[in-house]
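Visitor: Please pick one part of this chain and take me through it slowly, starting from the fold around it. I would like to know which residues sit inside, which sit outside, and what they touch.

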Amino acid sequence: MIDRYSIAFYLVLSCAVGVLDASAGDADPRYRACVALCGKTGCIGERCFPHCKFSSDGVPIGPWYMQEPLYLKWKQWDCQSDCCYNCMLDREKERESDGDGPVKYHGKWPFTRVYGIQEPASVAFSALNLAMHFHGWISFLVLLNYKLPLKQNKKAYHEYTCLWHIYGLLSMNSWFWSAVFHSRDVDLTEKLDYSSAVALLGYSLILAILRSFNVKHEAARVMVAAPLLAFITTHILYINFYQLDYGWNMKVCVVMVVAQLLIWAIWAGWIHHPSRWKLWVVVIGGGLAMLLEIYDFPPYLGFFDAHAIWHATTIPLTNLWWSFIRDDAEFQTSYLLKKAK
Ligand SMILES: [Zn+2]
């Protein structure tokens, strides 16, 4: 039988896991005392949370189906979440009246929730990124199938069509899981977000190599892609089933991003691509936006932190990026048509 004290202990423990990450907020004794008391009583002062309802002998109140183990698990999580969140808000109010700035709790800034969404601004910007990729991908599809001339077998001249379609799908998948993760940060959503991002970054590096070195033959493409695919797969398995090492994952992602941006930028300059300026804007803009991740600042008005603003900056860059992809399709098509004549 789970008694109130073991639940309280569990709450303190689970809220205090972040102490290892050394976030100033959750290491604060007053915050931890608030969470411990909330775990015992289900209340902070006058406010009591419906997710924390315990009867006097510690048995959960409600019909039998509400006492199922799985439901109980979610219920505890929700109670934990309510306690941590409200203690954090109270503590932040105290800090503000003392003239102190905000601090992080469990590795995250104190965000204001909207309808239970943890980071509303990041969710909204992730959704807009997804919409931008959808728009870019659809207009790429329309351009190739209805605007540019087709071969006699009704196929496009552009030899990277299929690769860009996969890129579009992986991008939308990645932003979808980013929106889910920022809505509710649990182990599963975090792993899905990280895995999708790694898959997208790895794939776009392969695509950058194939396009810039003009690798056309199927066998050559497989030979280039195979070692990278093997590495990406191993890395995804590692972060999901062995250890989600944030530092190592960050290094892998940064190396993959910097490598592909450099490949694109050098290639576009080298071959005098007519739309190379778009690429350079994306590279420089993307590089500057990365600084936001380094100069991490707390959320303005409780919503707009550095990470959210970073997601906002990628919206116009995505638009420009798909515009470059379309220009490249036109550029290659006209080159192949000239060659065919
Ligand atoms: Zn994010």
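Guide: What follows starts with the whole chain, moves into its main core, and then stays with two neighbouring helices and the loops beside them.

First, how to read it. Residue numbers start from 1 along each chain, following its sequence as written. The model is predicted, so local features are described only at pLDDT of at least 70 and side-chain atom pairs count only at pLDDT 80 or more, whereas totals for chains, interfaces and linings use all residues.

The chain has eleven helices and two strands (DSSP runs numbered from the N terminus, with H or I over at least four residues for a helix and E over at least two for a strand). In sequence order the pattern is α-α-α-β-β-α-α-α-α-α-α-α-α. Of the 341 residues, 27% are buried. Buried means that 20 or more other C-beta atoms lie within 10 Å of the residue's own, exposed means 12 or fewer, and partly exposed is in between, with C-beta atoms placed from the backbone. Of the contacts between residues at least 6 apart in sequence, 72% join residues at least 24 apart; a contact here is a pair of C-beta atoms, placed from the backbone, within 7 Å.

Now to the core. The largest nonpolar core holds 27 residues, and Phe140, Tyr203 and Ile325 have the most contacts inside it. Such a core is a set of buried Ala, Val, Leu, Ile, Met, Phe, Trp, Tyr and Cys residues joined through C-beta atoms within 7 Å. Two or more residues come from each of helix 5 (120–147), helix 6 (161–183), helix 7 (187–212), helix 8 (218–241), helix 9 (246–270), helix 10 (276–294) and helix 11 (306–340). Helix 7 is the biggest contributor, giving eight residues. Ile325 is in contact with Phe140 and Trp164, leaving aside neighbours within four places in sequence. A separate core of eleven residues lies apart from this one, and Cys34, Cys79, Cys87 and Met88 are among its members.

Leu201 is a good way into our chosen part. This residue lies in helix 7 and is buried, because 20 other C-beta atoms lie within 10 Å. Not counting residues up to four places away in sequence, Leu201 touches Cys253, Met256 and Val257. Val254 is 53 residues from Leu201 in sequence, yet their C-alpha atoms are 9.3 Å apart in space.

That brings us to helix 9. Its 25 residues reach 36 Å from first C-alpha to last, close to the expected 36 Å, where the expected span is 1.5 Å times one less than the number of residues. Met256, Gln260, Leu261, Trp264 and Ala268 are its buried residues, and they pack against helix 7 and helix 10.

After helix 9 comes His272, in the loop leading to helix 10. His272 has a positive phi of about 50 degrees although it is not a glycine. It counts as exposed because 7 other C-beta atoms lie within 10 Å. Asn214 can be set beside it: this residue sits in the loop between helix 7 and helix 8, and its phi is also positive, near 55 degrees, in a residue other than glycine. Asn214 is exposed because it has 11 C-beta neighbours inside 10 Å.

On the other side of the His272 loop is helix 10, with 19 residues reaching 28 Å from first C-alpha to last, close to the expected 27 Å. Its buried residues are Lys278, Leu279 and Val282. They cover an arc of only 95 degrees around the axis, so they lie on the same side of helix 10; the arc is that of the directions from the helix axis to the C-beta atoms. The face turned away from that buried side carries exposed Trp277, Leu288, Leu291 and Ile294. The buried residues of helix 10 pack against helix 9 and helix 11.

Helix 11 completes the tour. It has 35 residues and reaches 50 Å from first C-alpha to last, close to the expected 51 Å. A kink of about 30 degrees is centred on Pro316, the bend being the angle between axes fitted to the seven residues ending there and the seven starting there.

Terms used
Contact = placed C-beta atoms within 7 Å.
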